Amino acid sequence: MMKLIRGLAPVSIRRKLILAMVVCVLVPASLTLLIYNSLTQQAVKKQAIANVEDSLMLVHGSVSNRLKSMLNIANYIQINSGLKSYFKLVASGNDEGTEYEKFTEWNRVLEQLDSLTAAGEKSYVTVLLSNGSYFMNYSVSDYNPLNILKAPWFERLKELNGVESYWIGPEPTAYNYDKFDHPYQISVARTLRLDGTEIYGYVVVTMMEDQLHQIYGDLSADQRVLLLDGNGVIISSTDPKQVGTVFPYADGDGSRKSTSIRTIGGQKHLVSQRNVLFTGWRLVLVQPYQDAIVDISSIFNRVFLFQLISFVAFTLLFVALIRAFTKPLVRLGKVTSAVQRGNLLVRSGVRGNDEIGRLGLLFDQMLDRVKDMINEISETQARKRKAELKMLQAQINPHFLFNVLNSIRMNVMRRGDPESAKMIGSLSILLRMTISRHEDEISLHEEIDLVSHYVALMNMRQKAEVKLVTDMDPEAFLIKVPRFVLQPIVENAIIHGLMQKNGEIAVRAKAEAGFVKLSIEDNGQGMTEAERIRLQGKLRNRETAPDRETSGNFSGIGLENVAERMRLLFGEAFRADVFSSLGRGTVIEMHIPFREGFRDVSSDAGG
């Protein structure tokens, strides 16, 4: 799995930057959209519920007023003293008077009943007395008031107390005039009682059901209002087929006001309800949830689309900027690949004031420096091969002499001449160091031992004796130097400094901070300042000395060759100085730097 992820990971810095940008922008944008969506949905839900409740509140006010008007009619009949007195007399049979007076009084009551409904919606008002007498604002041919006694709910009226009312509905319309146009009716009934609570009559106020659903029929097409009784039976609806059926989605907890989201027919609906206080009924408004939030959802969708387009546009812009910013890096990458293939002449040409511009400049300067270093190394190797060739040329004659001298030394020892044998042995050691040692470097104490044999040979060769004095710090013993680095200097001191006369040559090595100071001092005739300066210049010149005719001795290597070999081994840290004056001798002083690892080796050797 990790290998697959690594394989899909971008390899170029440009793609990594683009991926980082997409992640850093996409993730916050997605989280913002999710949070915005969540908050918006909650706000949409609250707003939709508030809108539904506002619509239901308006309908509730109108329906409550309409039902209250029915209740007001019943209240007026029940508390009007004139009507109450007249109804009590009629119910008890004590309404005395002529037929004309009775008719006049009866007619006056009917006019009052008619006046109760003249100003508002049409209502049927019936006053039914216990002796079978009745008063109403409609014709007997339209409906016989005595049929109320046969209604299934009539016996429940006897259970009412005081001003309690009994709401009846829905019932099929019983009035012939409205039966065909208005299929259902709704009624409220109340009892008329004597002071001893004995019932002497009943008041029934009836209106058509469609007078209610006309109120909420003007709402939007997606909103549907129902009037339910306490059992959830639909009392009033814009669809007459629903009247009398049970609506199962309303709350049954009797709360005065509630709104919830219910699933009806597989679709979410907002169901809001309010109790009509004085009836025990409930008004319920039902609206599809999507229709309730369609306007706000449309706003959200437009905002989401705008954010999506903005994200895509800014992403493309950022990608273009990334490509422009990283173009110099791509150029540097191509130049690096060309350099890897061996093309050291190519240059990036990237310049600027920013980090990439400075990187391009430094990279080109580095290539220039590498080219110069390659040329310098090539030149150094050429000089080193030239110096080695001269060293080899210097070894050719001693190689032949070494074999001959071994034979001579054996013959001399057999004849009893130890002085000559010793001289031949020193010469053999000197030649053996030249021929048999293949390493380029030897320790300083070996080099001094080699010089001591050379001085011994020179003393046997000439009449004057040269004394060799050595003074070395222990830390300088093991420092590595090229072979025959001291012999040419000592040879020059004997021949040119002491002029092959008696004298002293002192070789001193002193370890100081970071280097060894090696000095070769003679007490010869010295040299003029001009000669010293000329020799100092030769020792510090990088070029090797011109080729000389070798005469079979070691002086052909030359001081310049010694300085060149030391410089090749120790680099620019090596320095050679000449100190001299006429009549006071000459000092050749060399500063040899410690190389890495020397101090550890010397410490181990000393400890």
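What follows is a walk through a predicted model, taking its two sheets and several of its helices in turn.

A good place to start is helix α3, which covers residues 81-92. With its 12 residues, α3 reaches 16 Å from its first C-alpha to its last, close to the 16 Å expected at 1.5 Å a residue. Tucked away along α3 are L83, Y86, F87, V90 and A91, its buried residues. Looking down the axis of α3, these buried residues fall within an arc of 130°, so they line one face of the helix. Both ends of α3 have something to show. At the N-terminal end, N80 acts as a cap, with a side-chain oxygen 3.1 Å from the backbone nitrogen of G82. At the other end, α3 is followed by G93, and the phi of G93 is positive, near 80°.

Next comes an open sheet of five strands, in the order β2-β1-β5-β4-β3, with antiparallel pairing. The edges are taken by β2 (134-136) and β3 (166-172); each has a single partner strand, so one side of each is left without a neighbour in the sheet. On average, neighbouring strands here are turned by 20° against each other, direction ignored.

The pairings can be followed across this sheet. Strand β1 (residues 124-129) and strand β5 (residues 199-208) run antiparallel and are joined by six bridges, with L129 standing opposite G201 in β5. On its way across, the sheet passes from β5 to β4, and nine bridges hold this antiparallel pair together. One of the matched positions here is A189, whose bridge partner in β5 is V204. Strand β4 also pairs with β3, again antiparallel, through five bridges; P172 has Y184 of β4 as its bridge partner. As for cover, β4 (residues 184-193) is mostly hidden, with eight of its 10 residues buried. In a regular strand, side chains alternate between the two faces of the sheet.

Further along the chain, an unreviewed UniProt entry annotates residues 304-325 as a "transmembrane region". In the model, this span is 100% helix and 0% strand, and its end C-alpha atoms lie 31 Å apart.

Two charged residues make a handy pair for looking at helices α8 and α9. R383 sits in helix α8 (residues 355-414). Since its relative accessibility is 12%, R383 counts as buried, the cut-off being under 20%. The side chain of R383 makes a polar contact of 2.6 Å with the side chain of E564. K422, on the other hand, belongs to helix α9 (residues 418-435) and is exposed, with a relative accessible area of 54%. K422 and V412 are 10 residues apart in sequence, and their C-alpha atoms are 9.7 Å apart in space.

Helix α10 takes up residues 444-461. At 1.5 Å a residue its 18 residues should span 26 Å, and its end C-alpha atoms are 26 Å apart, which agrees. Plenty of α10 is out of sight: the buried residues are L444, E447, I448, L450, V451, H453, Y454, V455, L457, M458 and N459.

The other sheet to look at is also open and built from five strands, in the order β12-β14-β15-β17-β16, but here the pairing is mixed. This time β12 (466-472) and β16 (575-580) stand at the edges; each has a single partner strand, so one side of each is left without a neighbour in the sheet. Neighbouring strands are turned by 15° against each other on average, direction ignored. Within this sheet, eight bridges link strand β14 (residues 503-512) to strand β15 (residues 515-522), and the two run antiparallel. E512 is matched with F515, its bridge partner in β15.

Helix α12 (residues 529-540) rounds off the tour. Its 12 residues should span 16 Å at 1.5 Å a residue, and the end C-alpha atoms of α12 are indeed 16 Å apart. R532, L535, Q536 and L539 are buried in α12. Seen down the axis of α12, the buried residues fall within an arc of 105°, so they line one face of the helix.

Note on methods:
Residues are numbered from 1 along each chain as its sequence is written. This is a predicted model: local features need pLDDT of at least 70, side-chain atom pairs count only at pLDDT 80 or more; totals for chains, interfaces and linings use all residues. Side-chain values use heavy atoms; hydrogens and water are left out. UniProt positions are given in the numbering used here, feature names are shortened, and annotations may be inferred rather than shown by experiment. Helices (H or I, at least four residues) and strands (E, at least two) are DSSP runs, numbered from the N terminus. Two strands pair if DSSP finds at least two bridges between them. Axes are lines fitted to C-alpha atoms, for helices over the stretch in contact, and angles run from 0 to 180 degrees between N-to-C directions. Buried means under 20% relative accessible area, exposed over 50%, partly exposed in between (1.4 Å probe, protein chains only). The expected span of a helix is 1.5 Å times one less than its number of residues. The arc is that of the directions from the helix axis to the C-beta atoms. A polar contact is a pair of N or O atoms within 3.5 Å; within protein, one must be able to donate a hydrogen and the other to accept it, and residues adjacent in sequence count only if both atoms are side-chain atoms.
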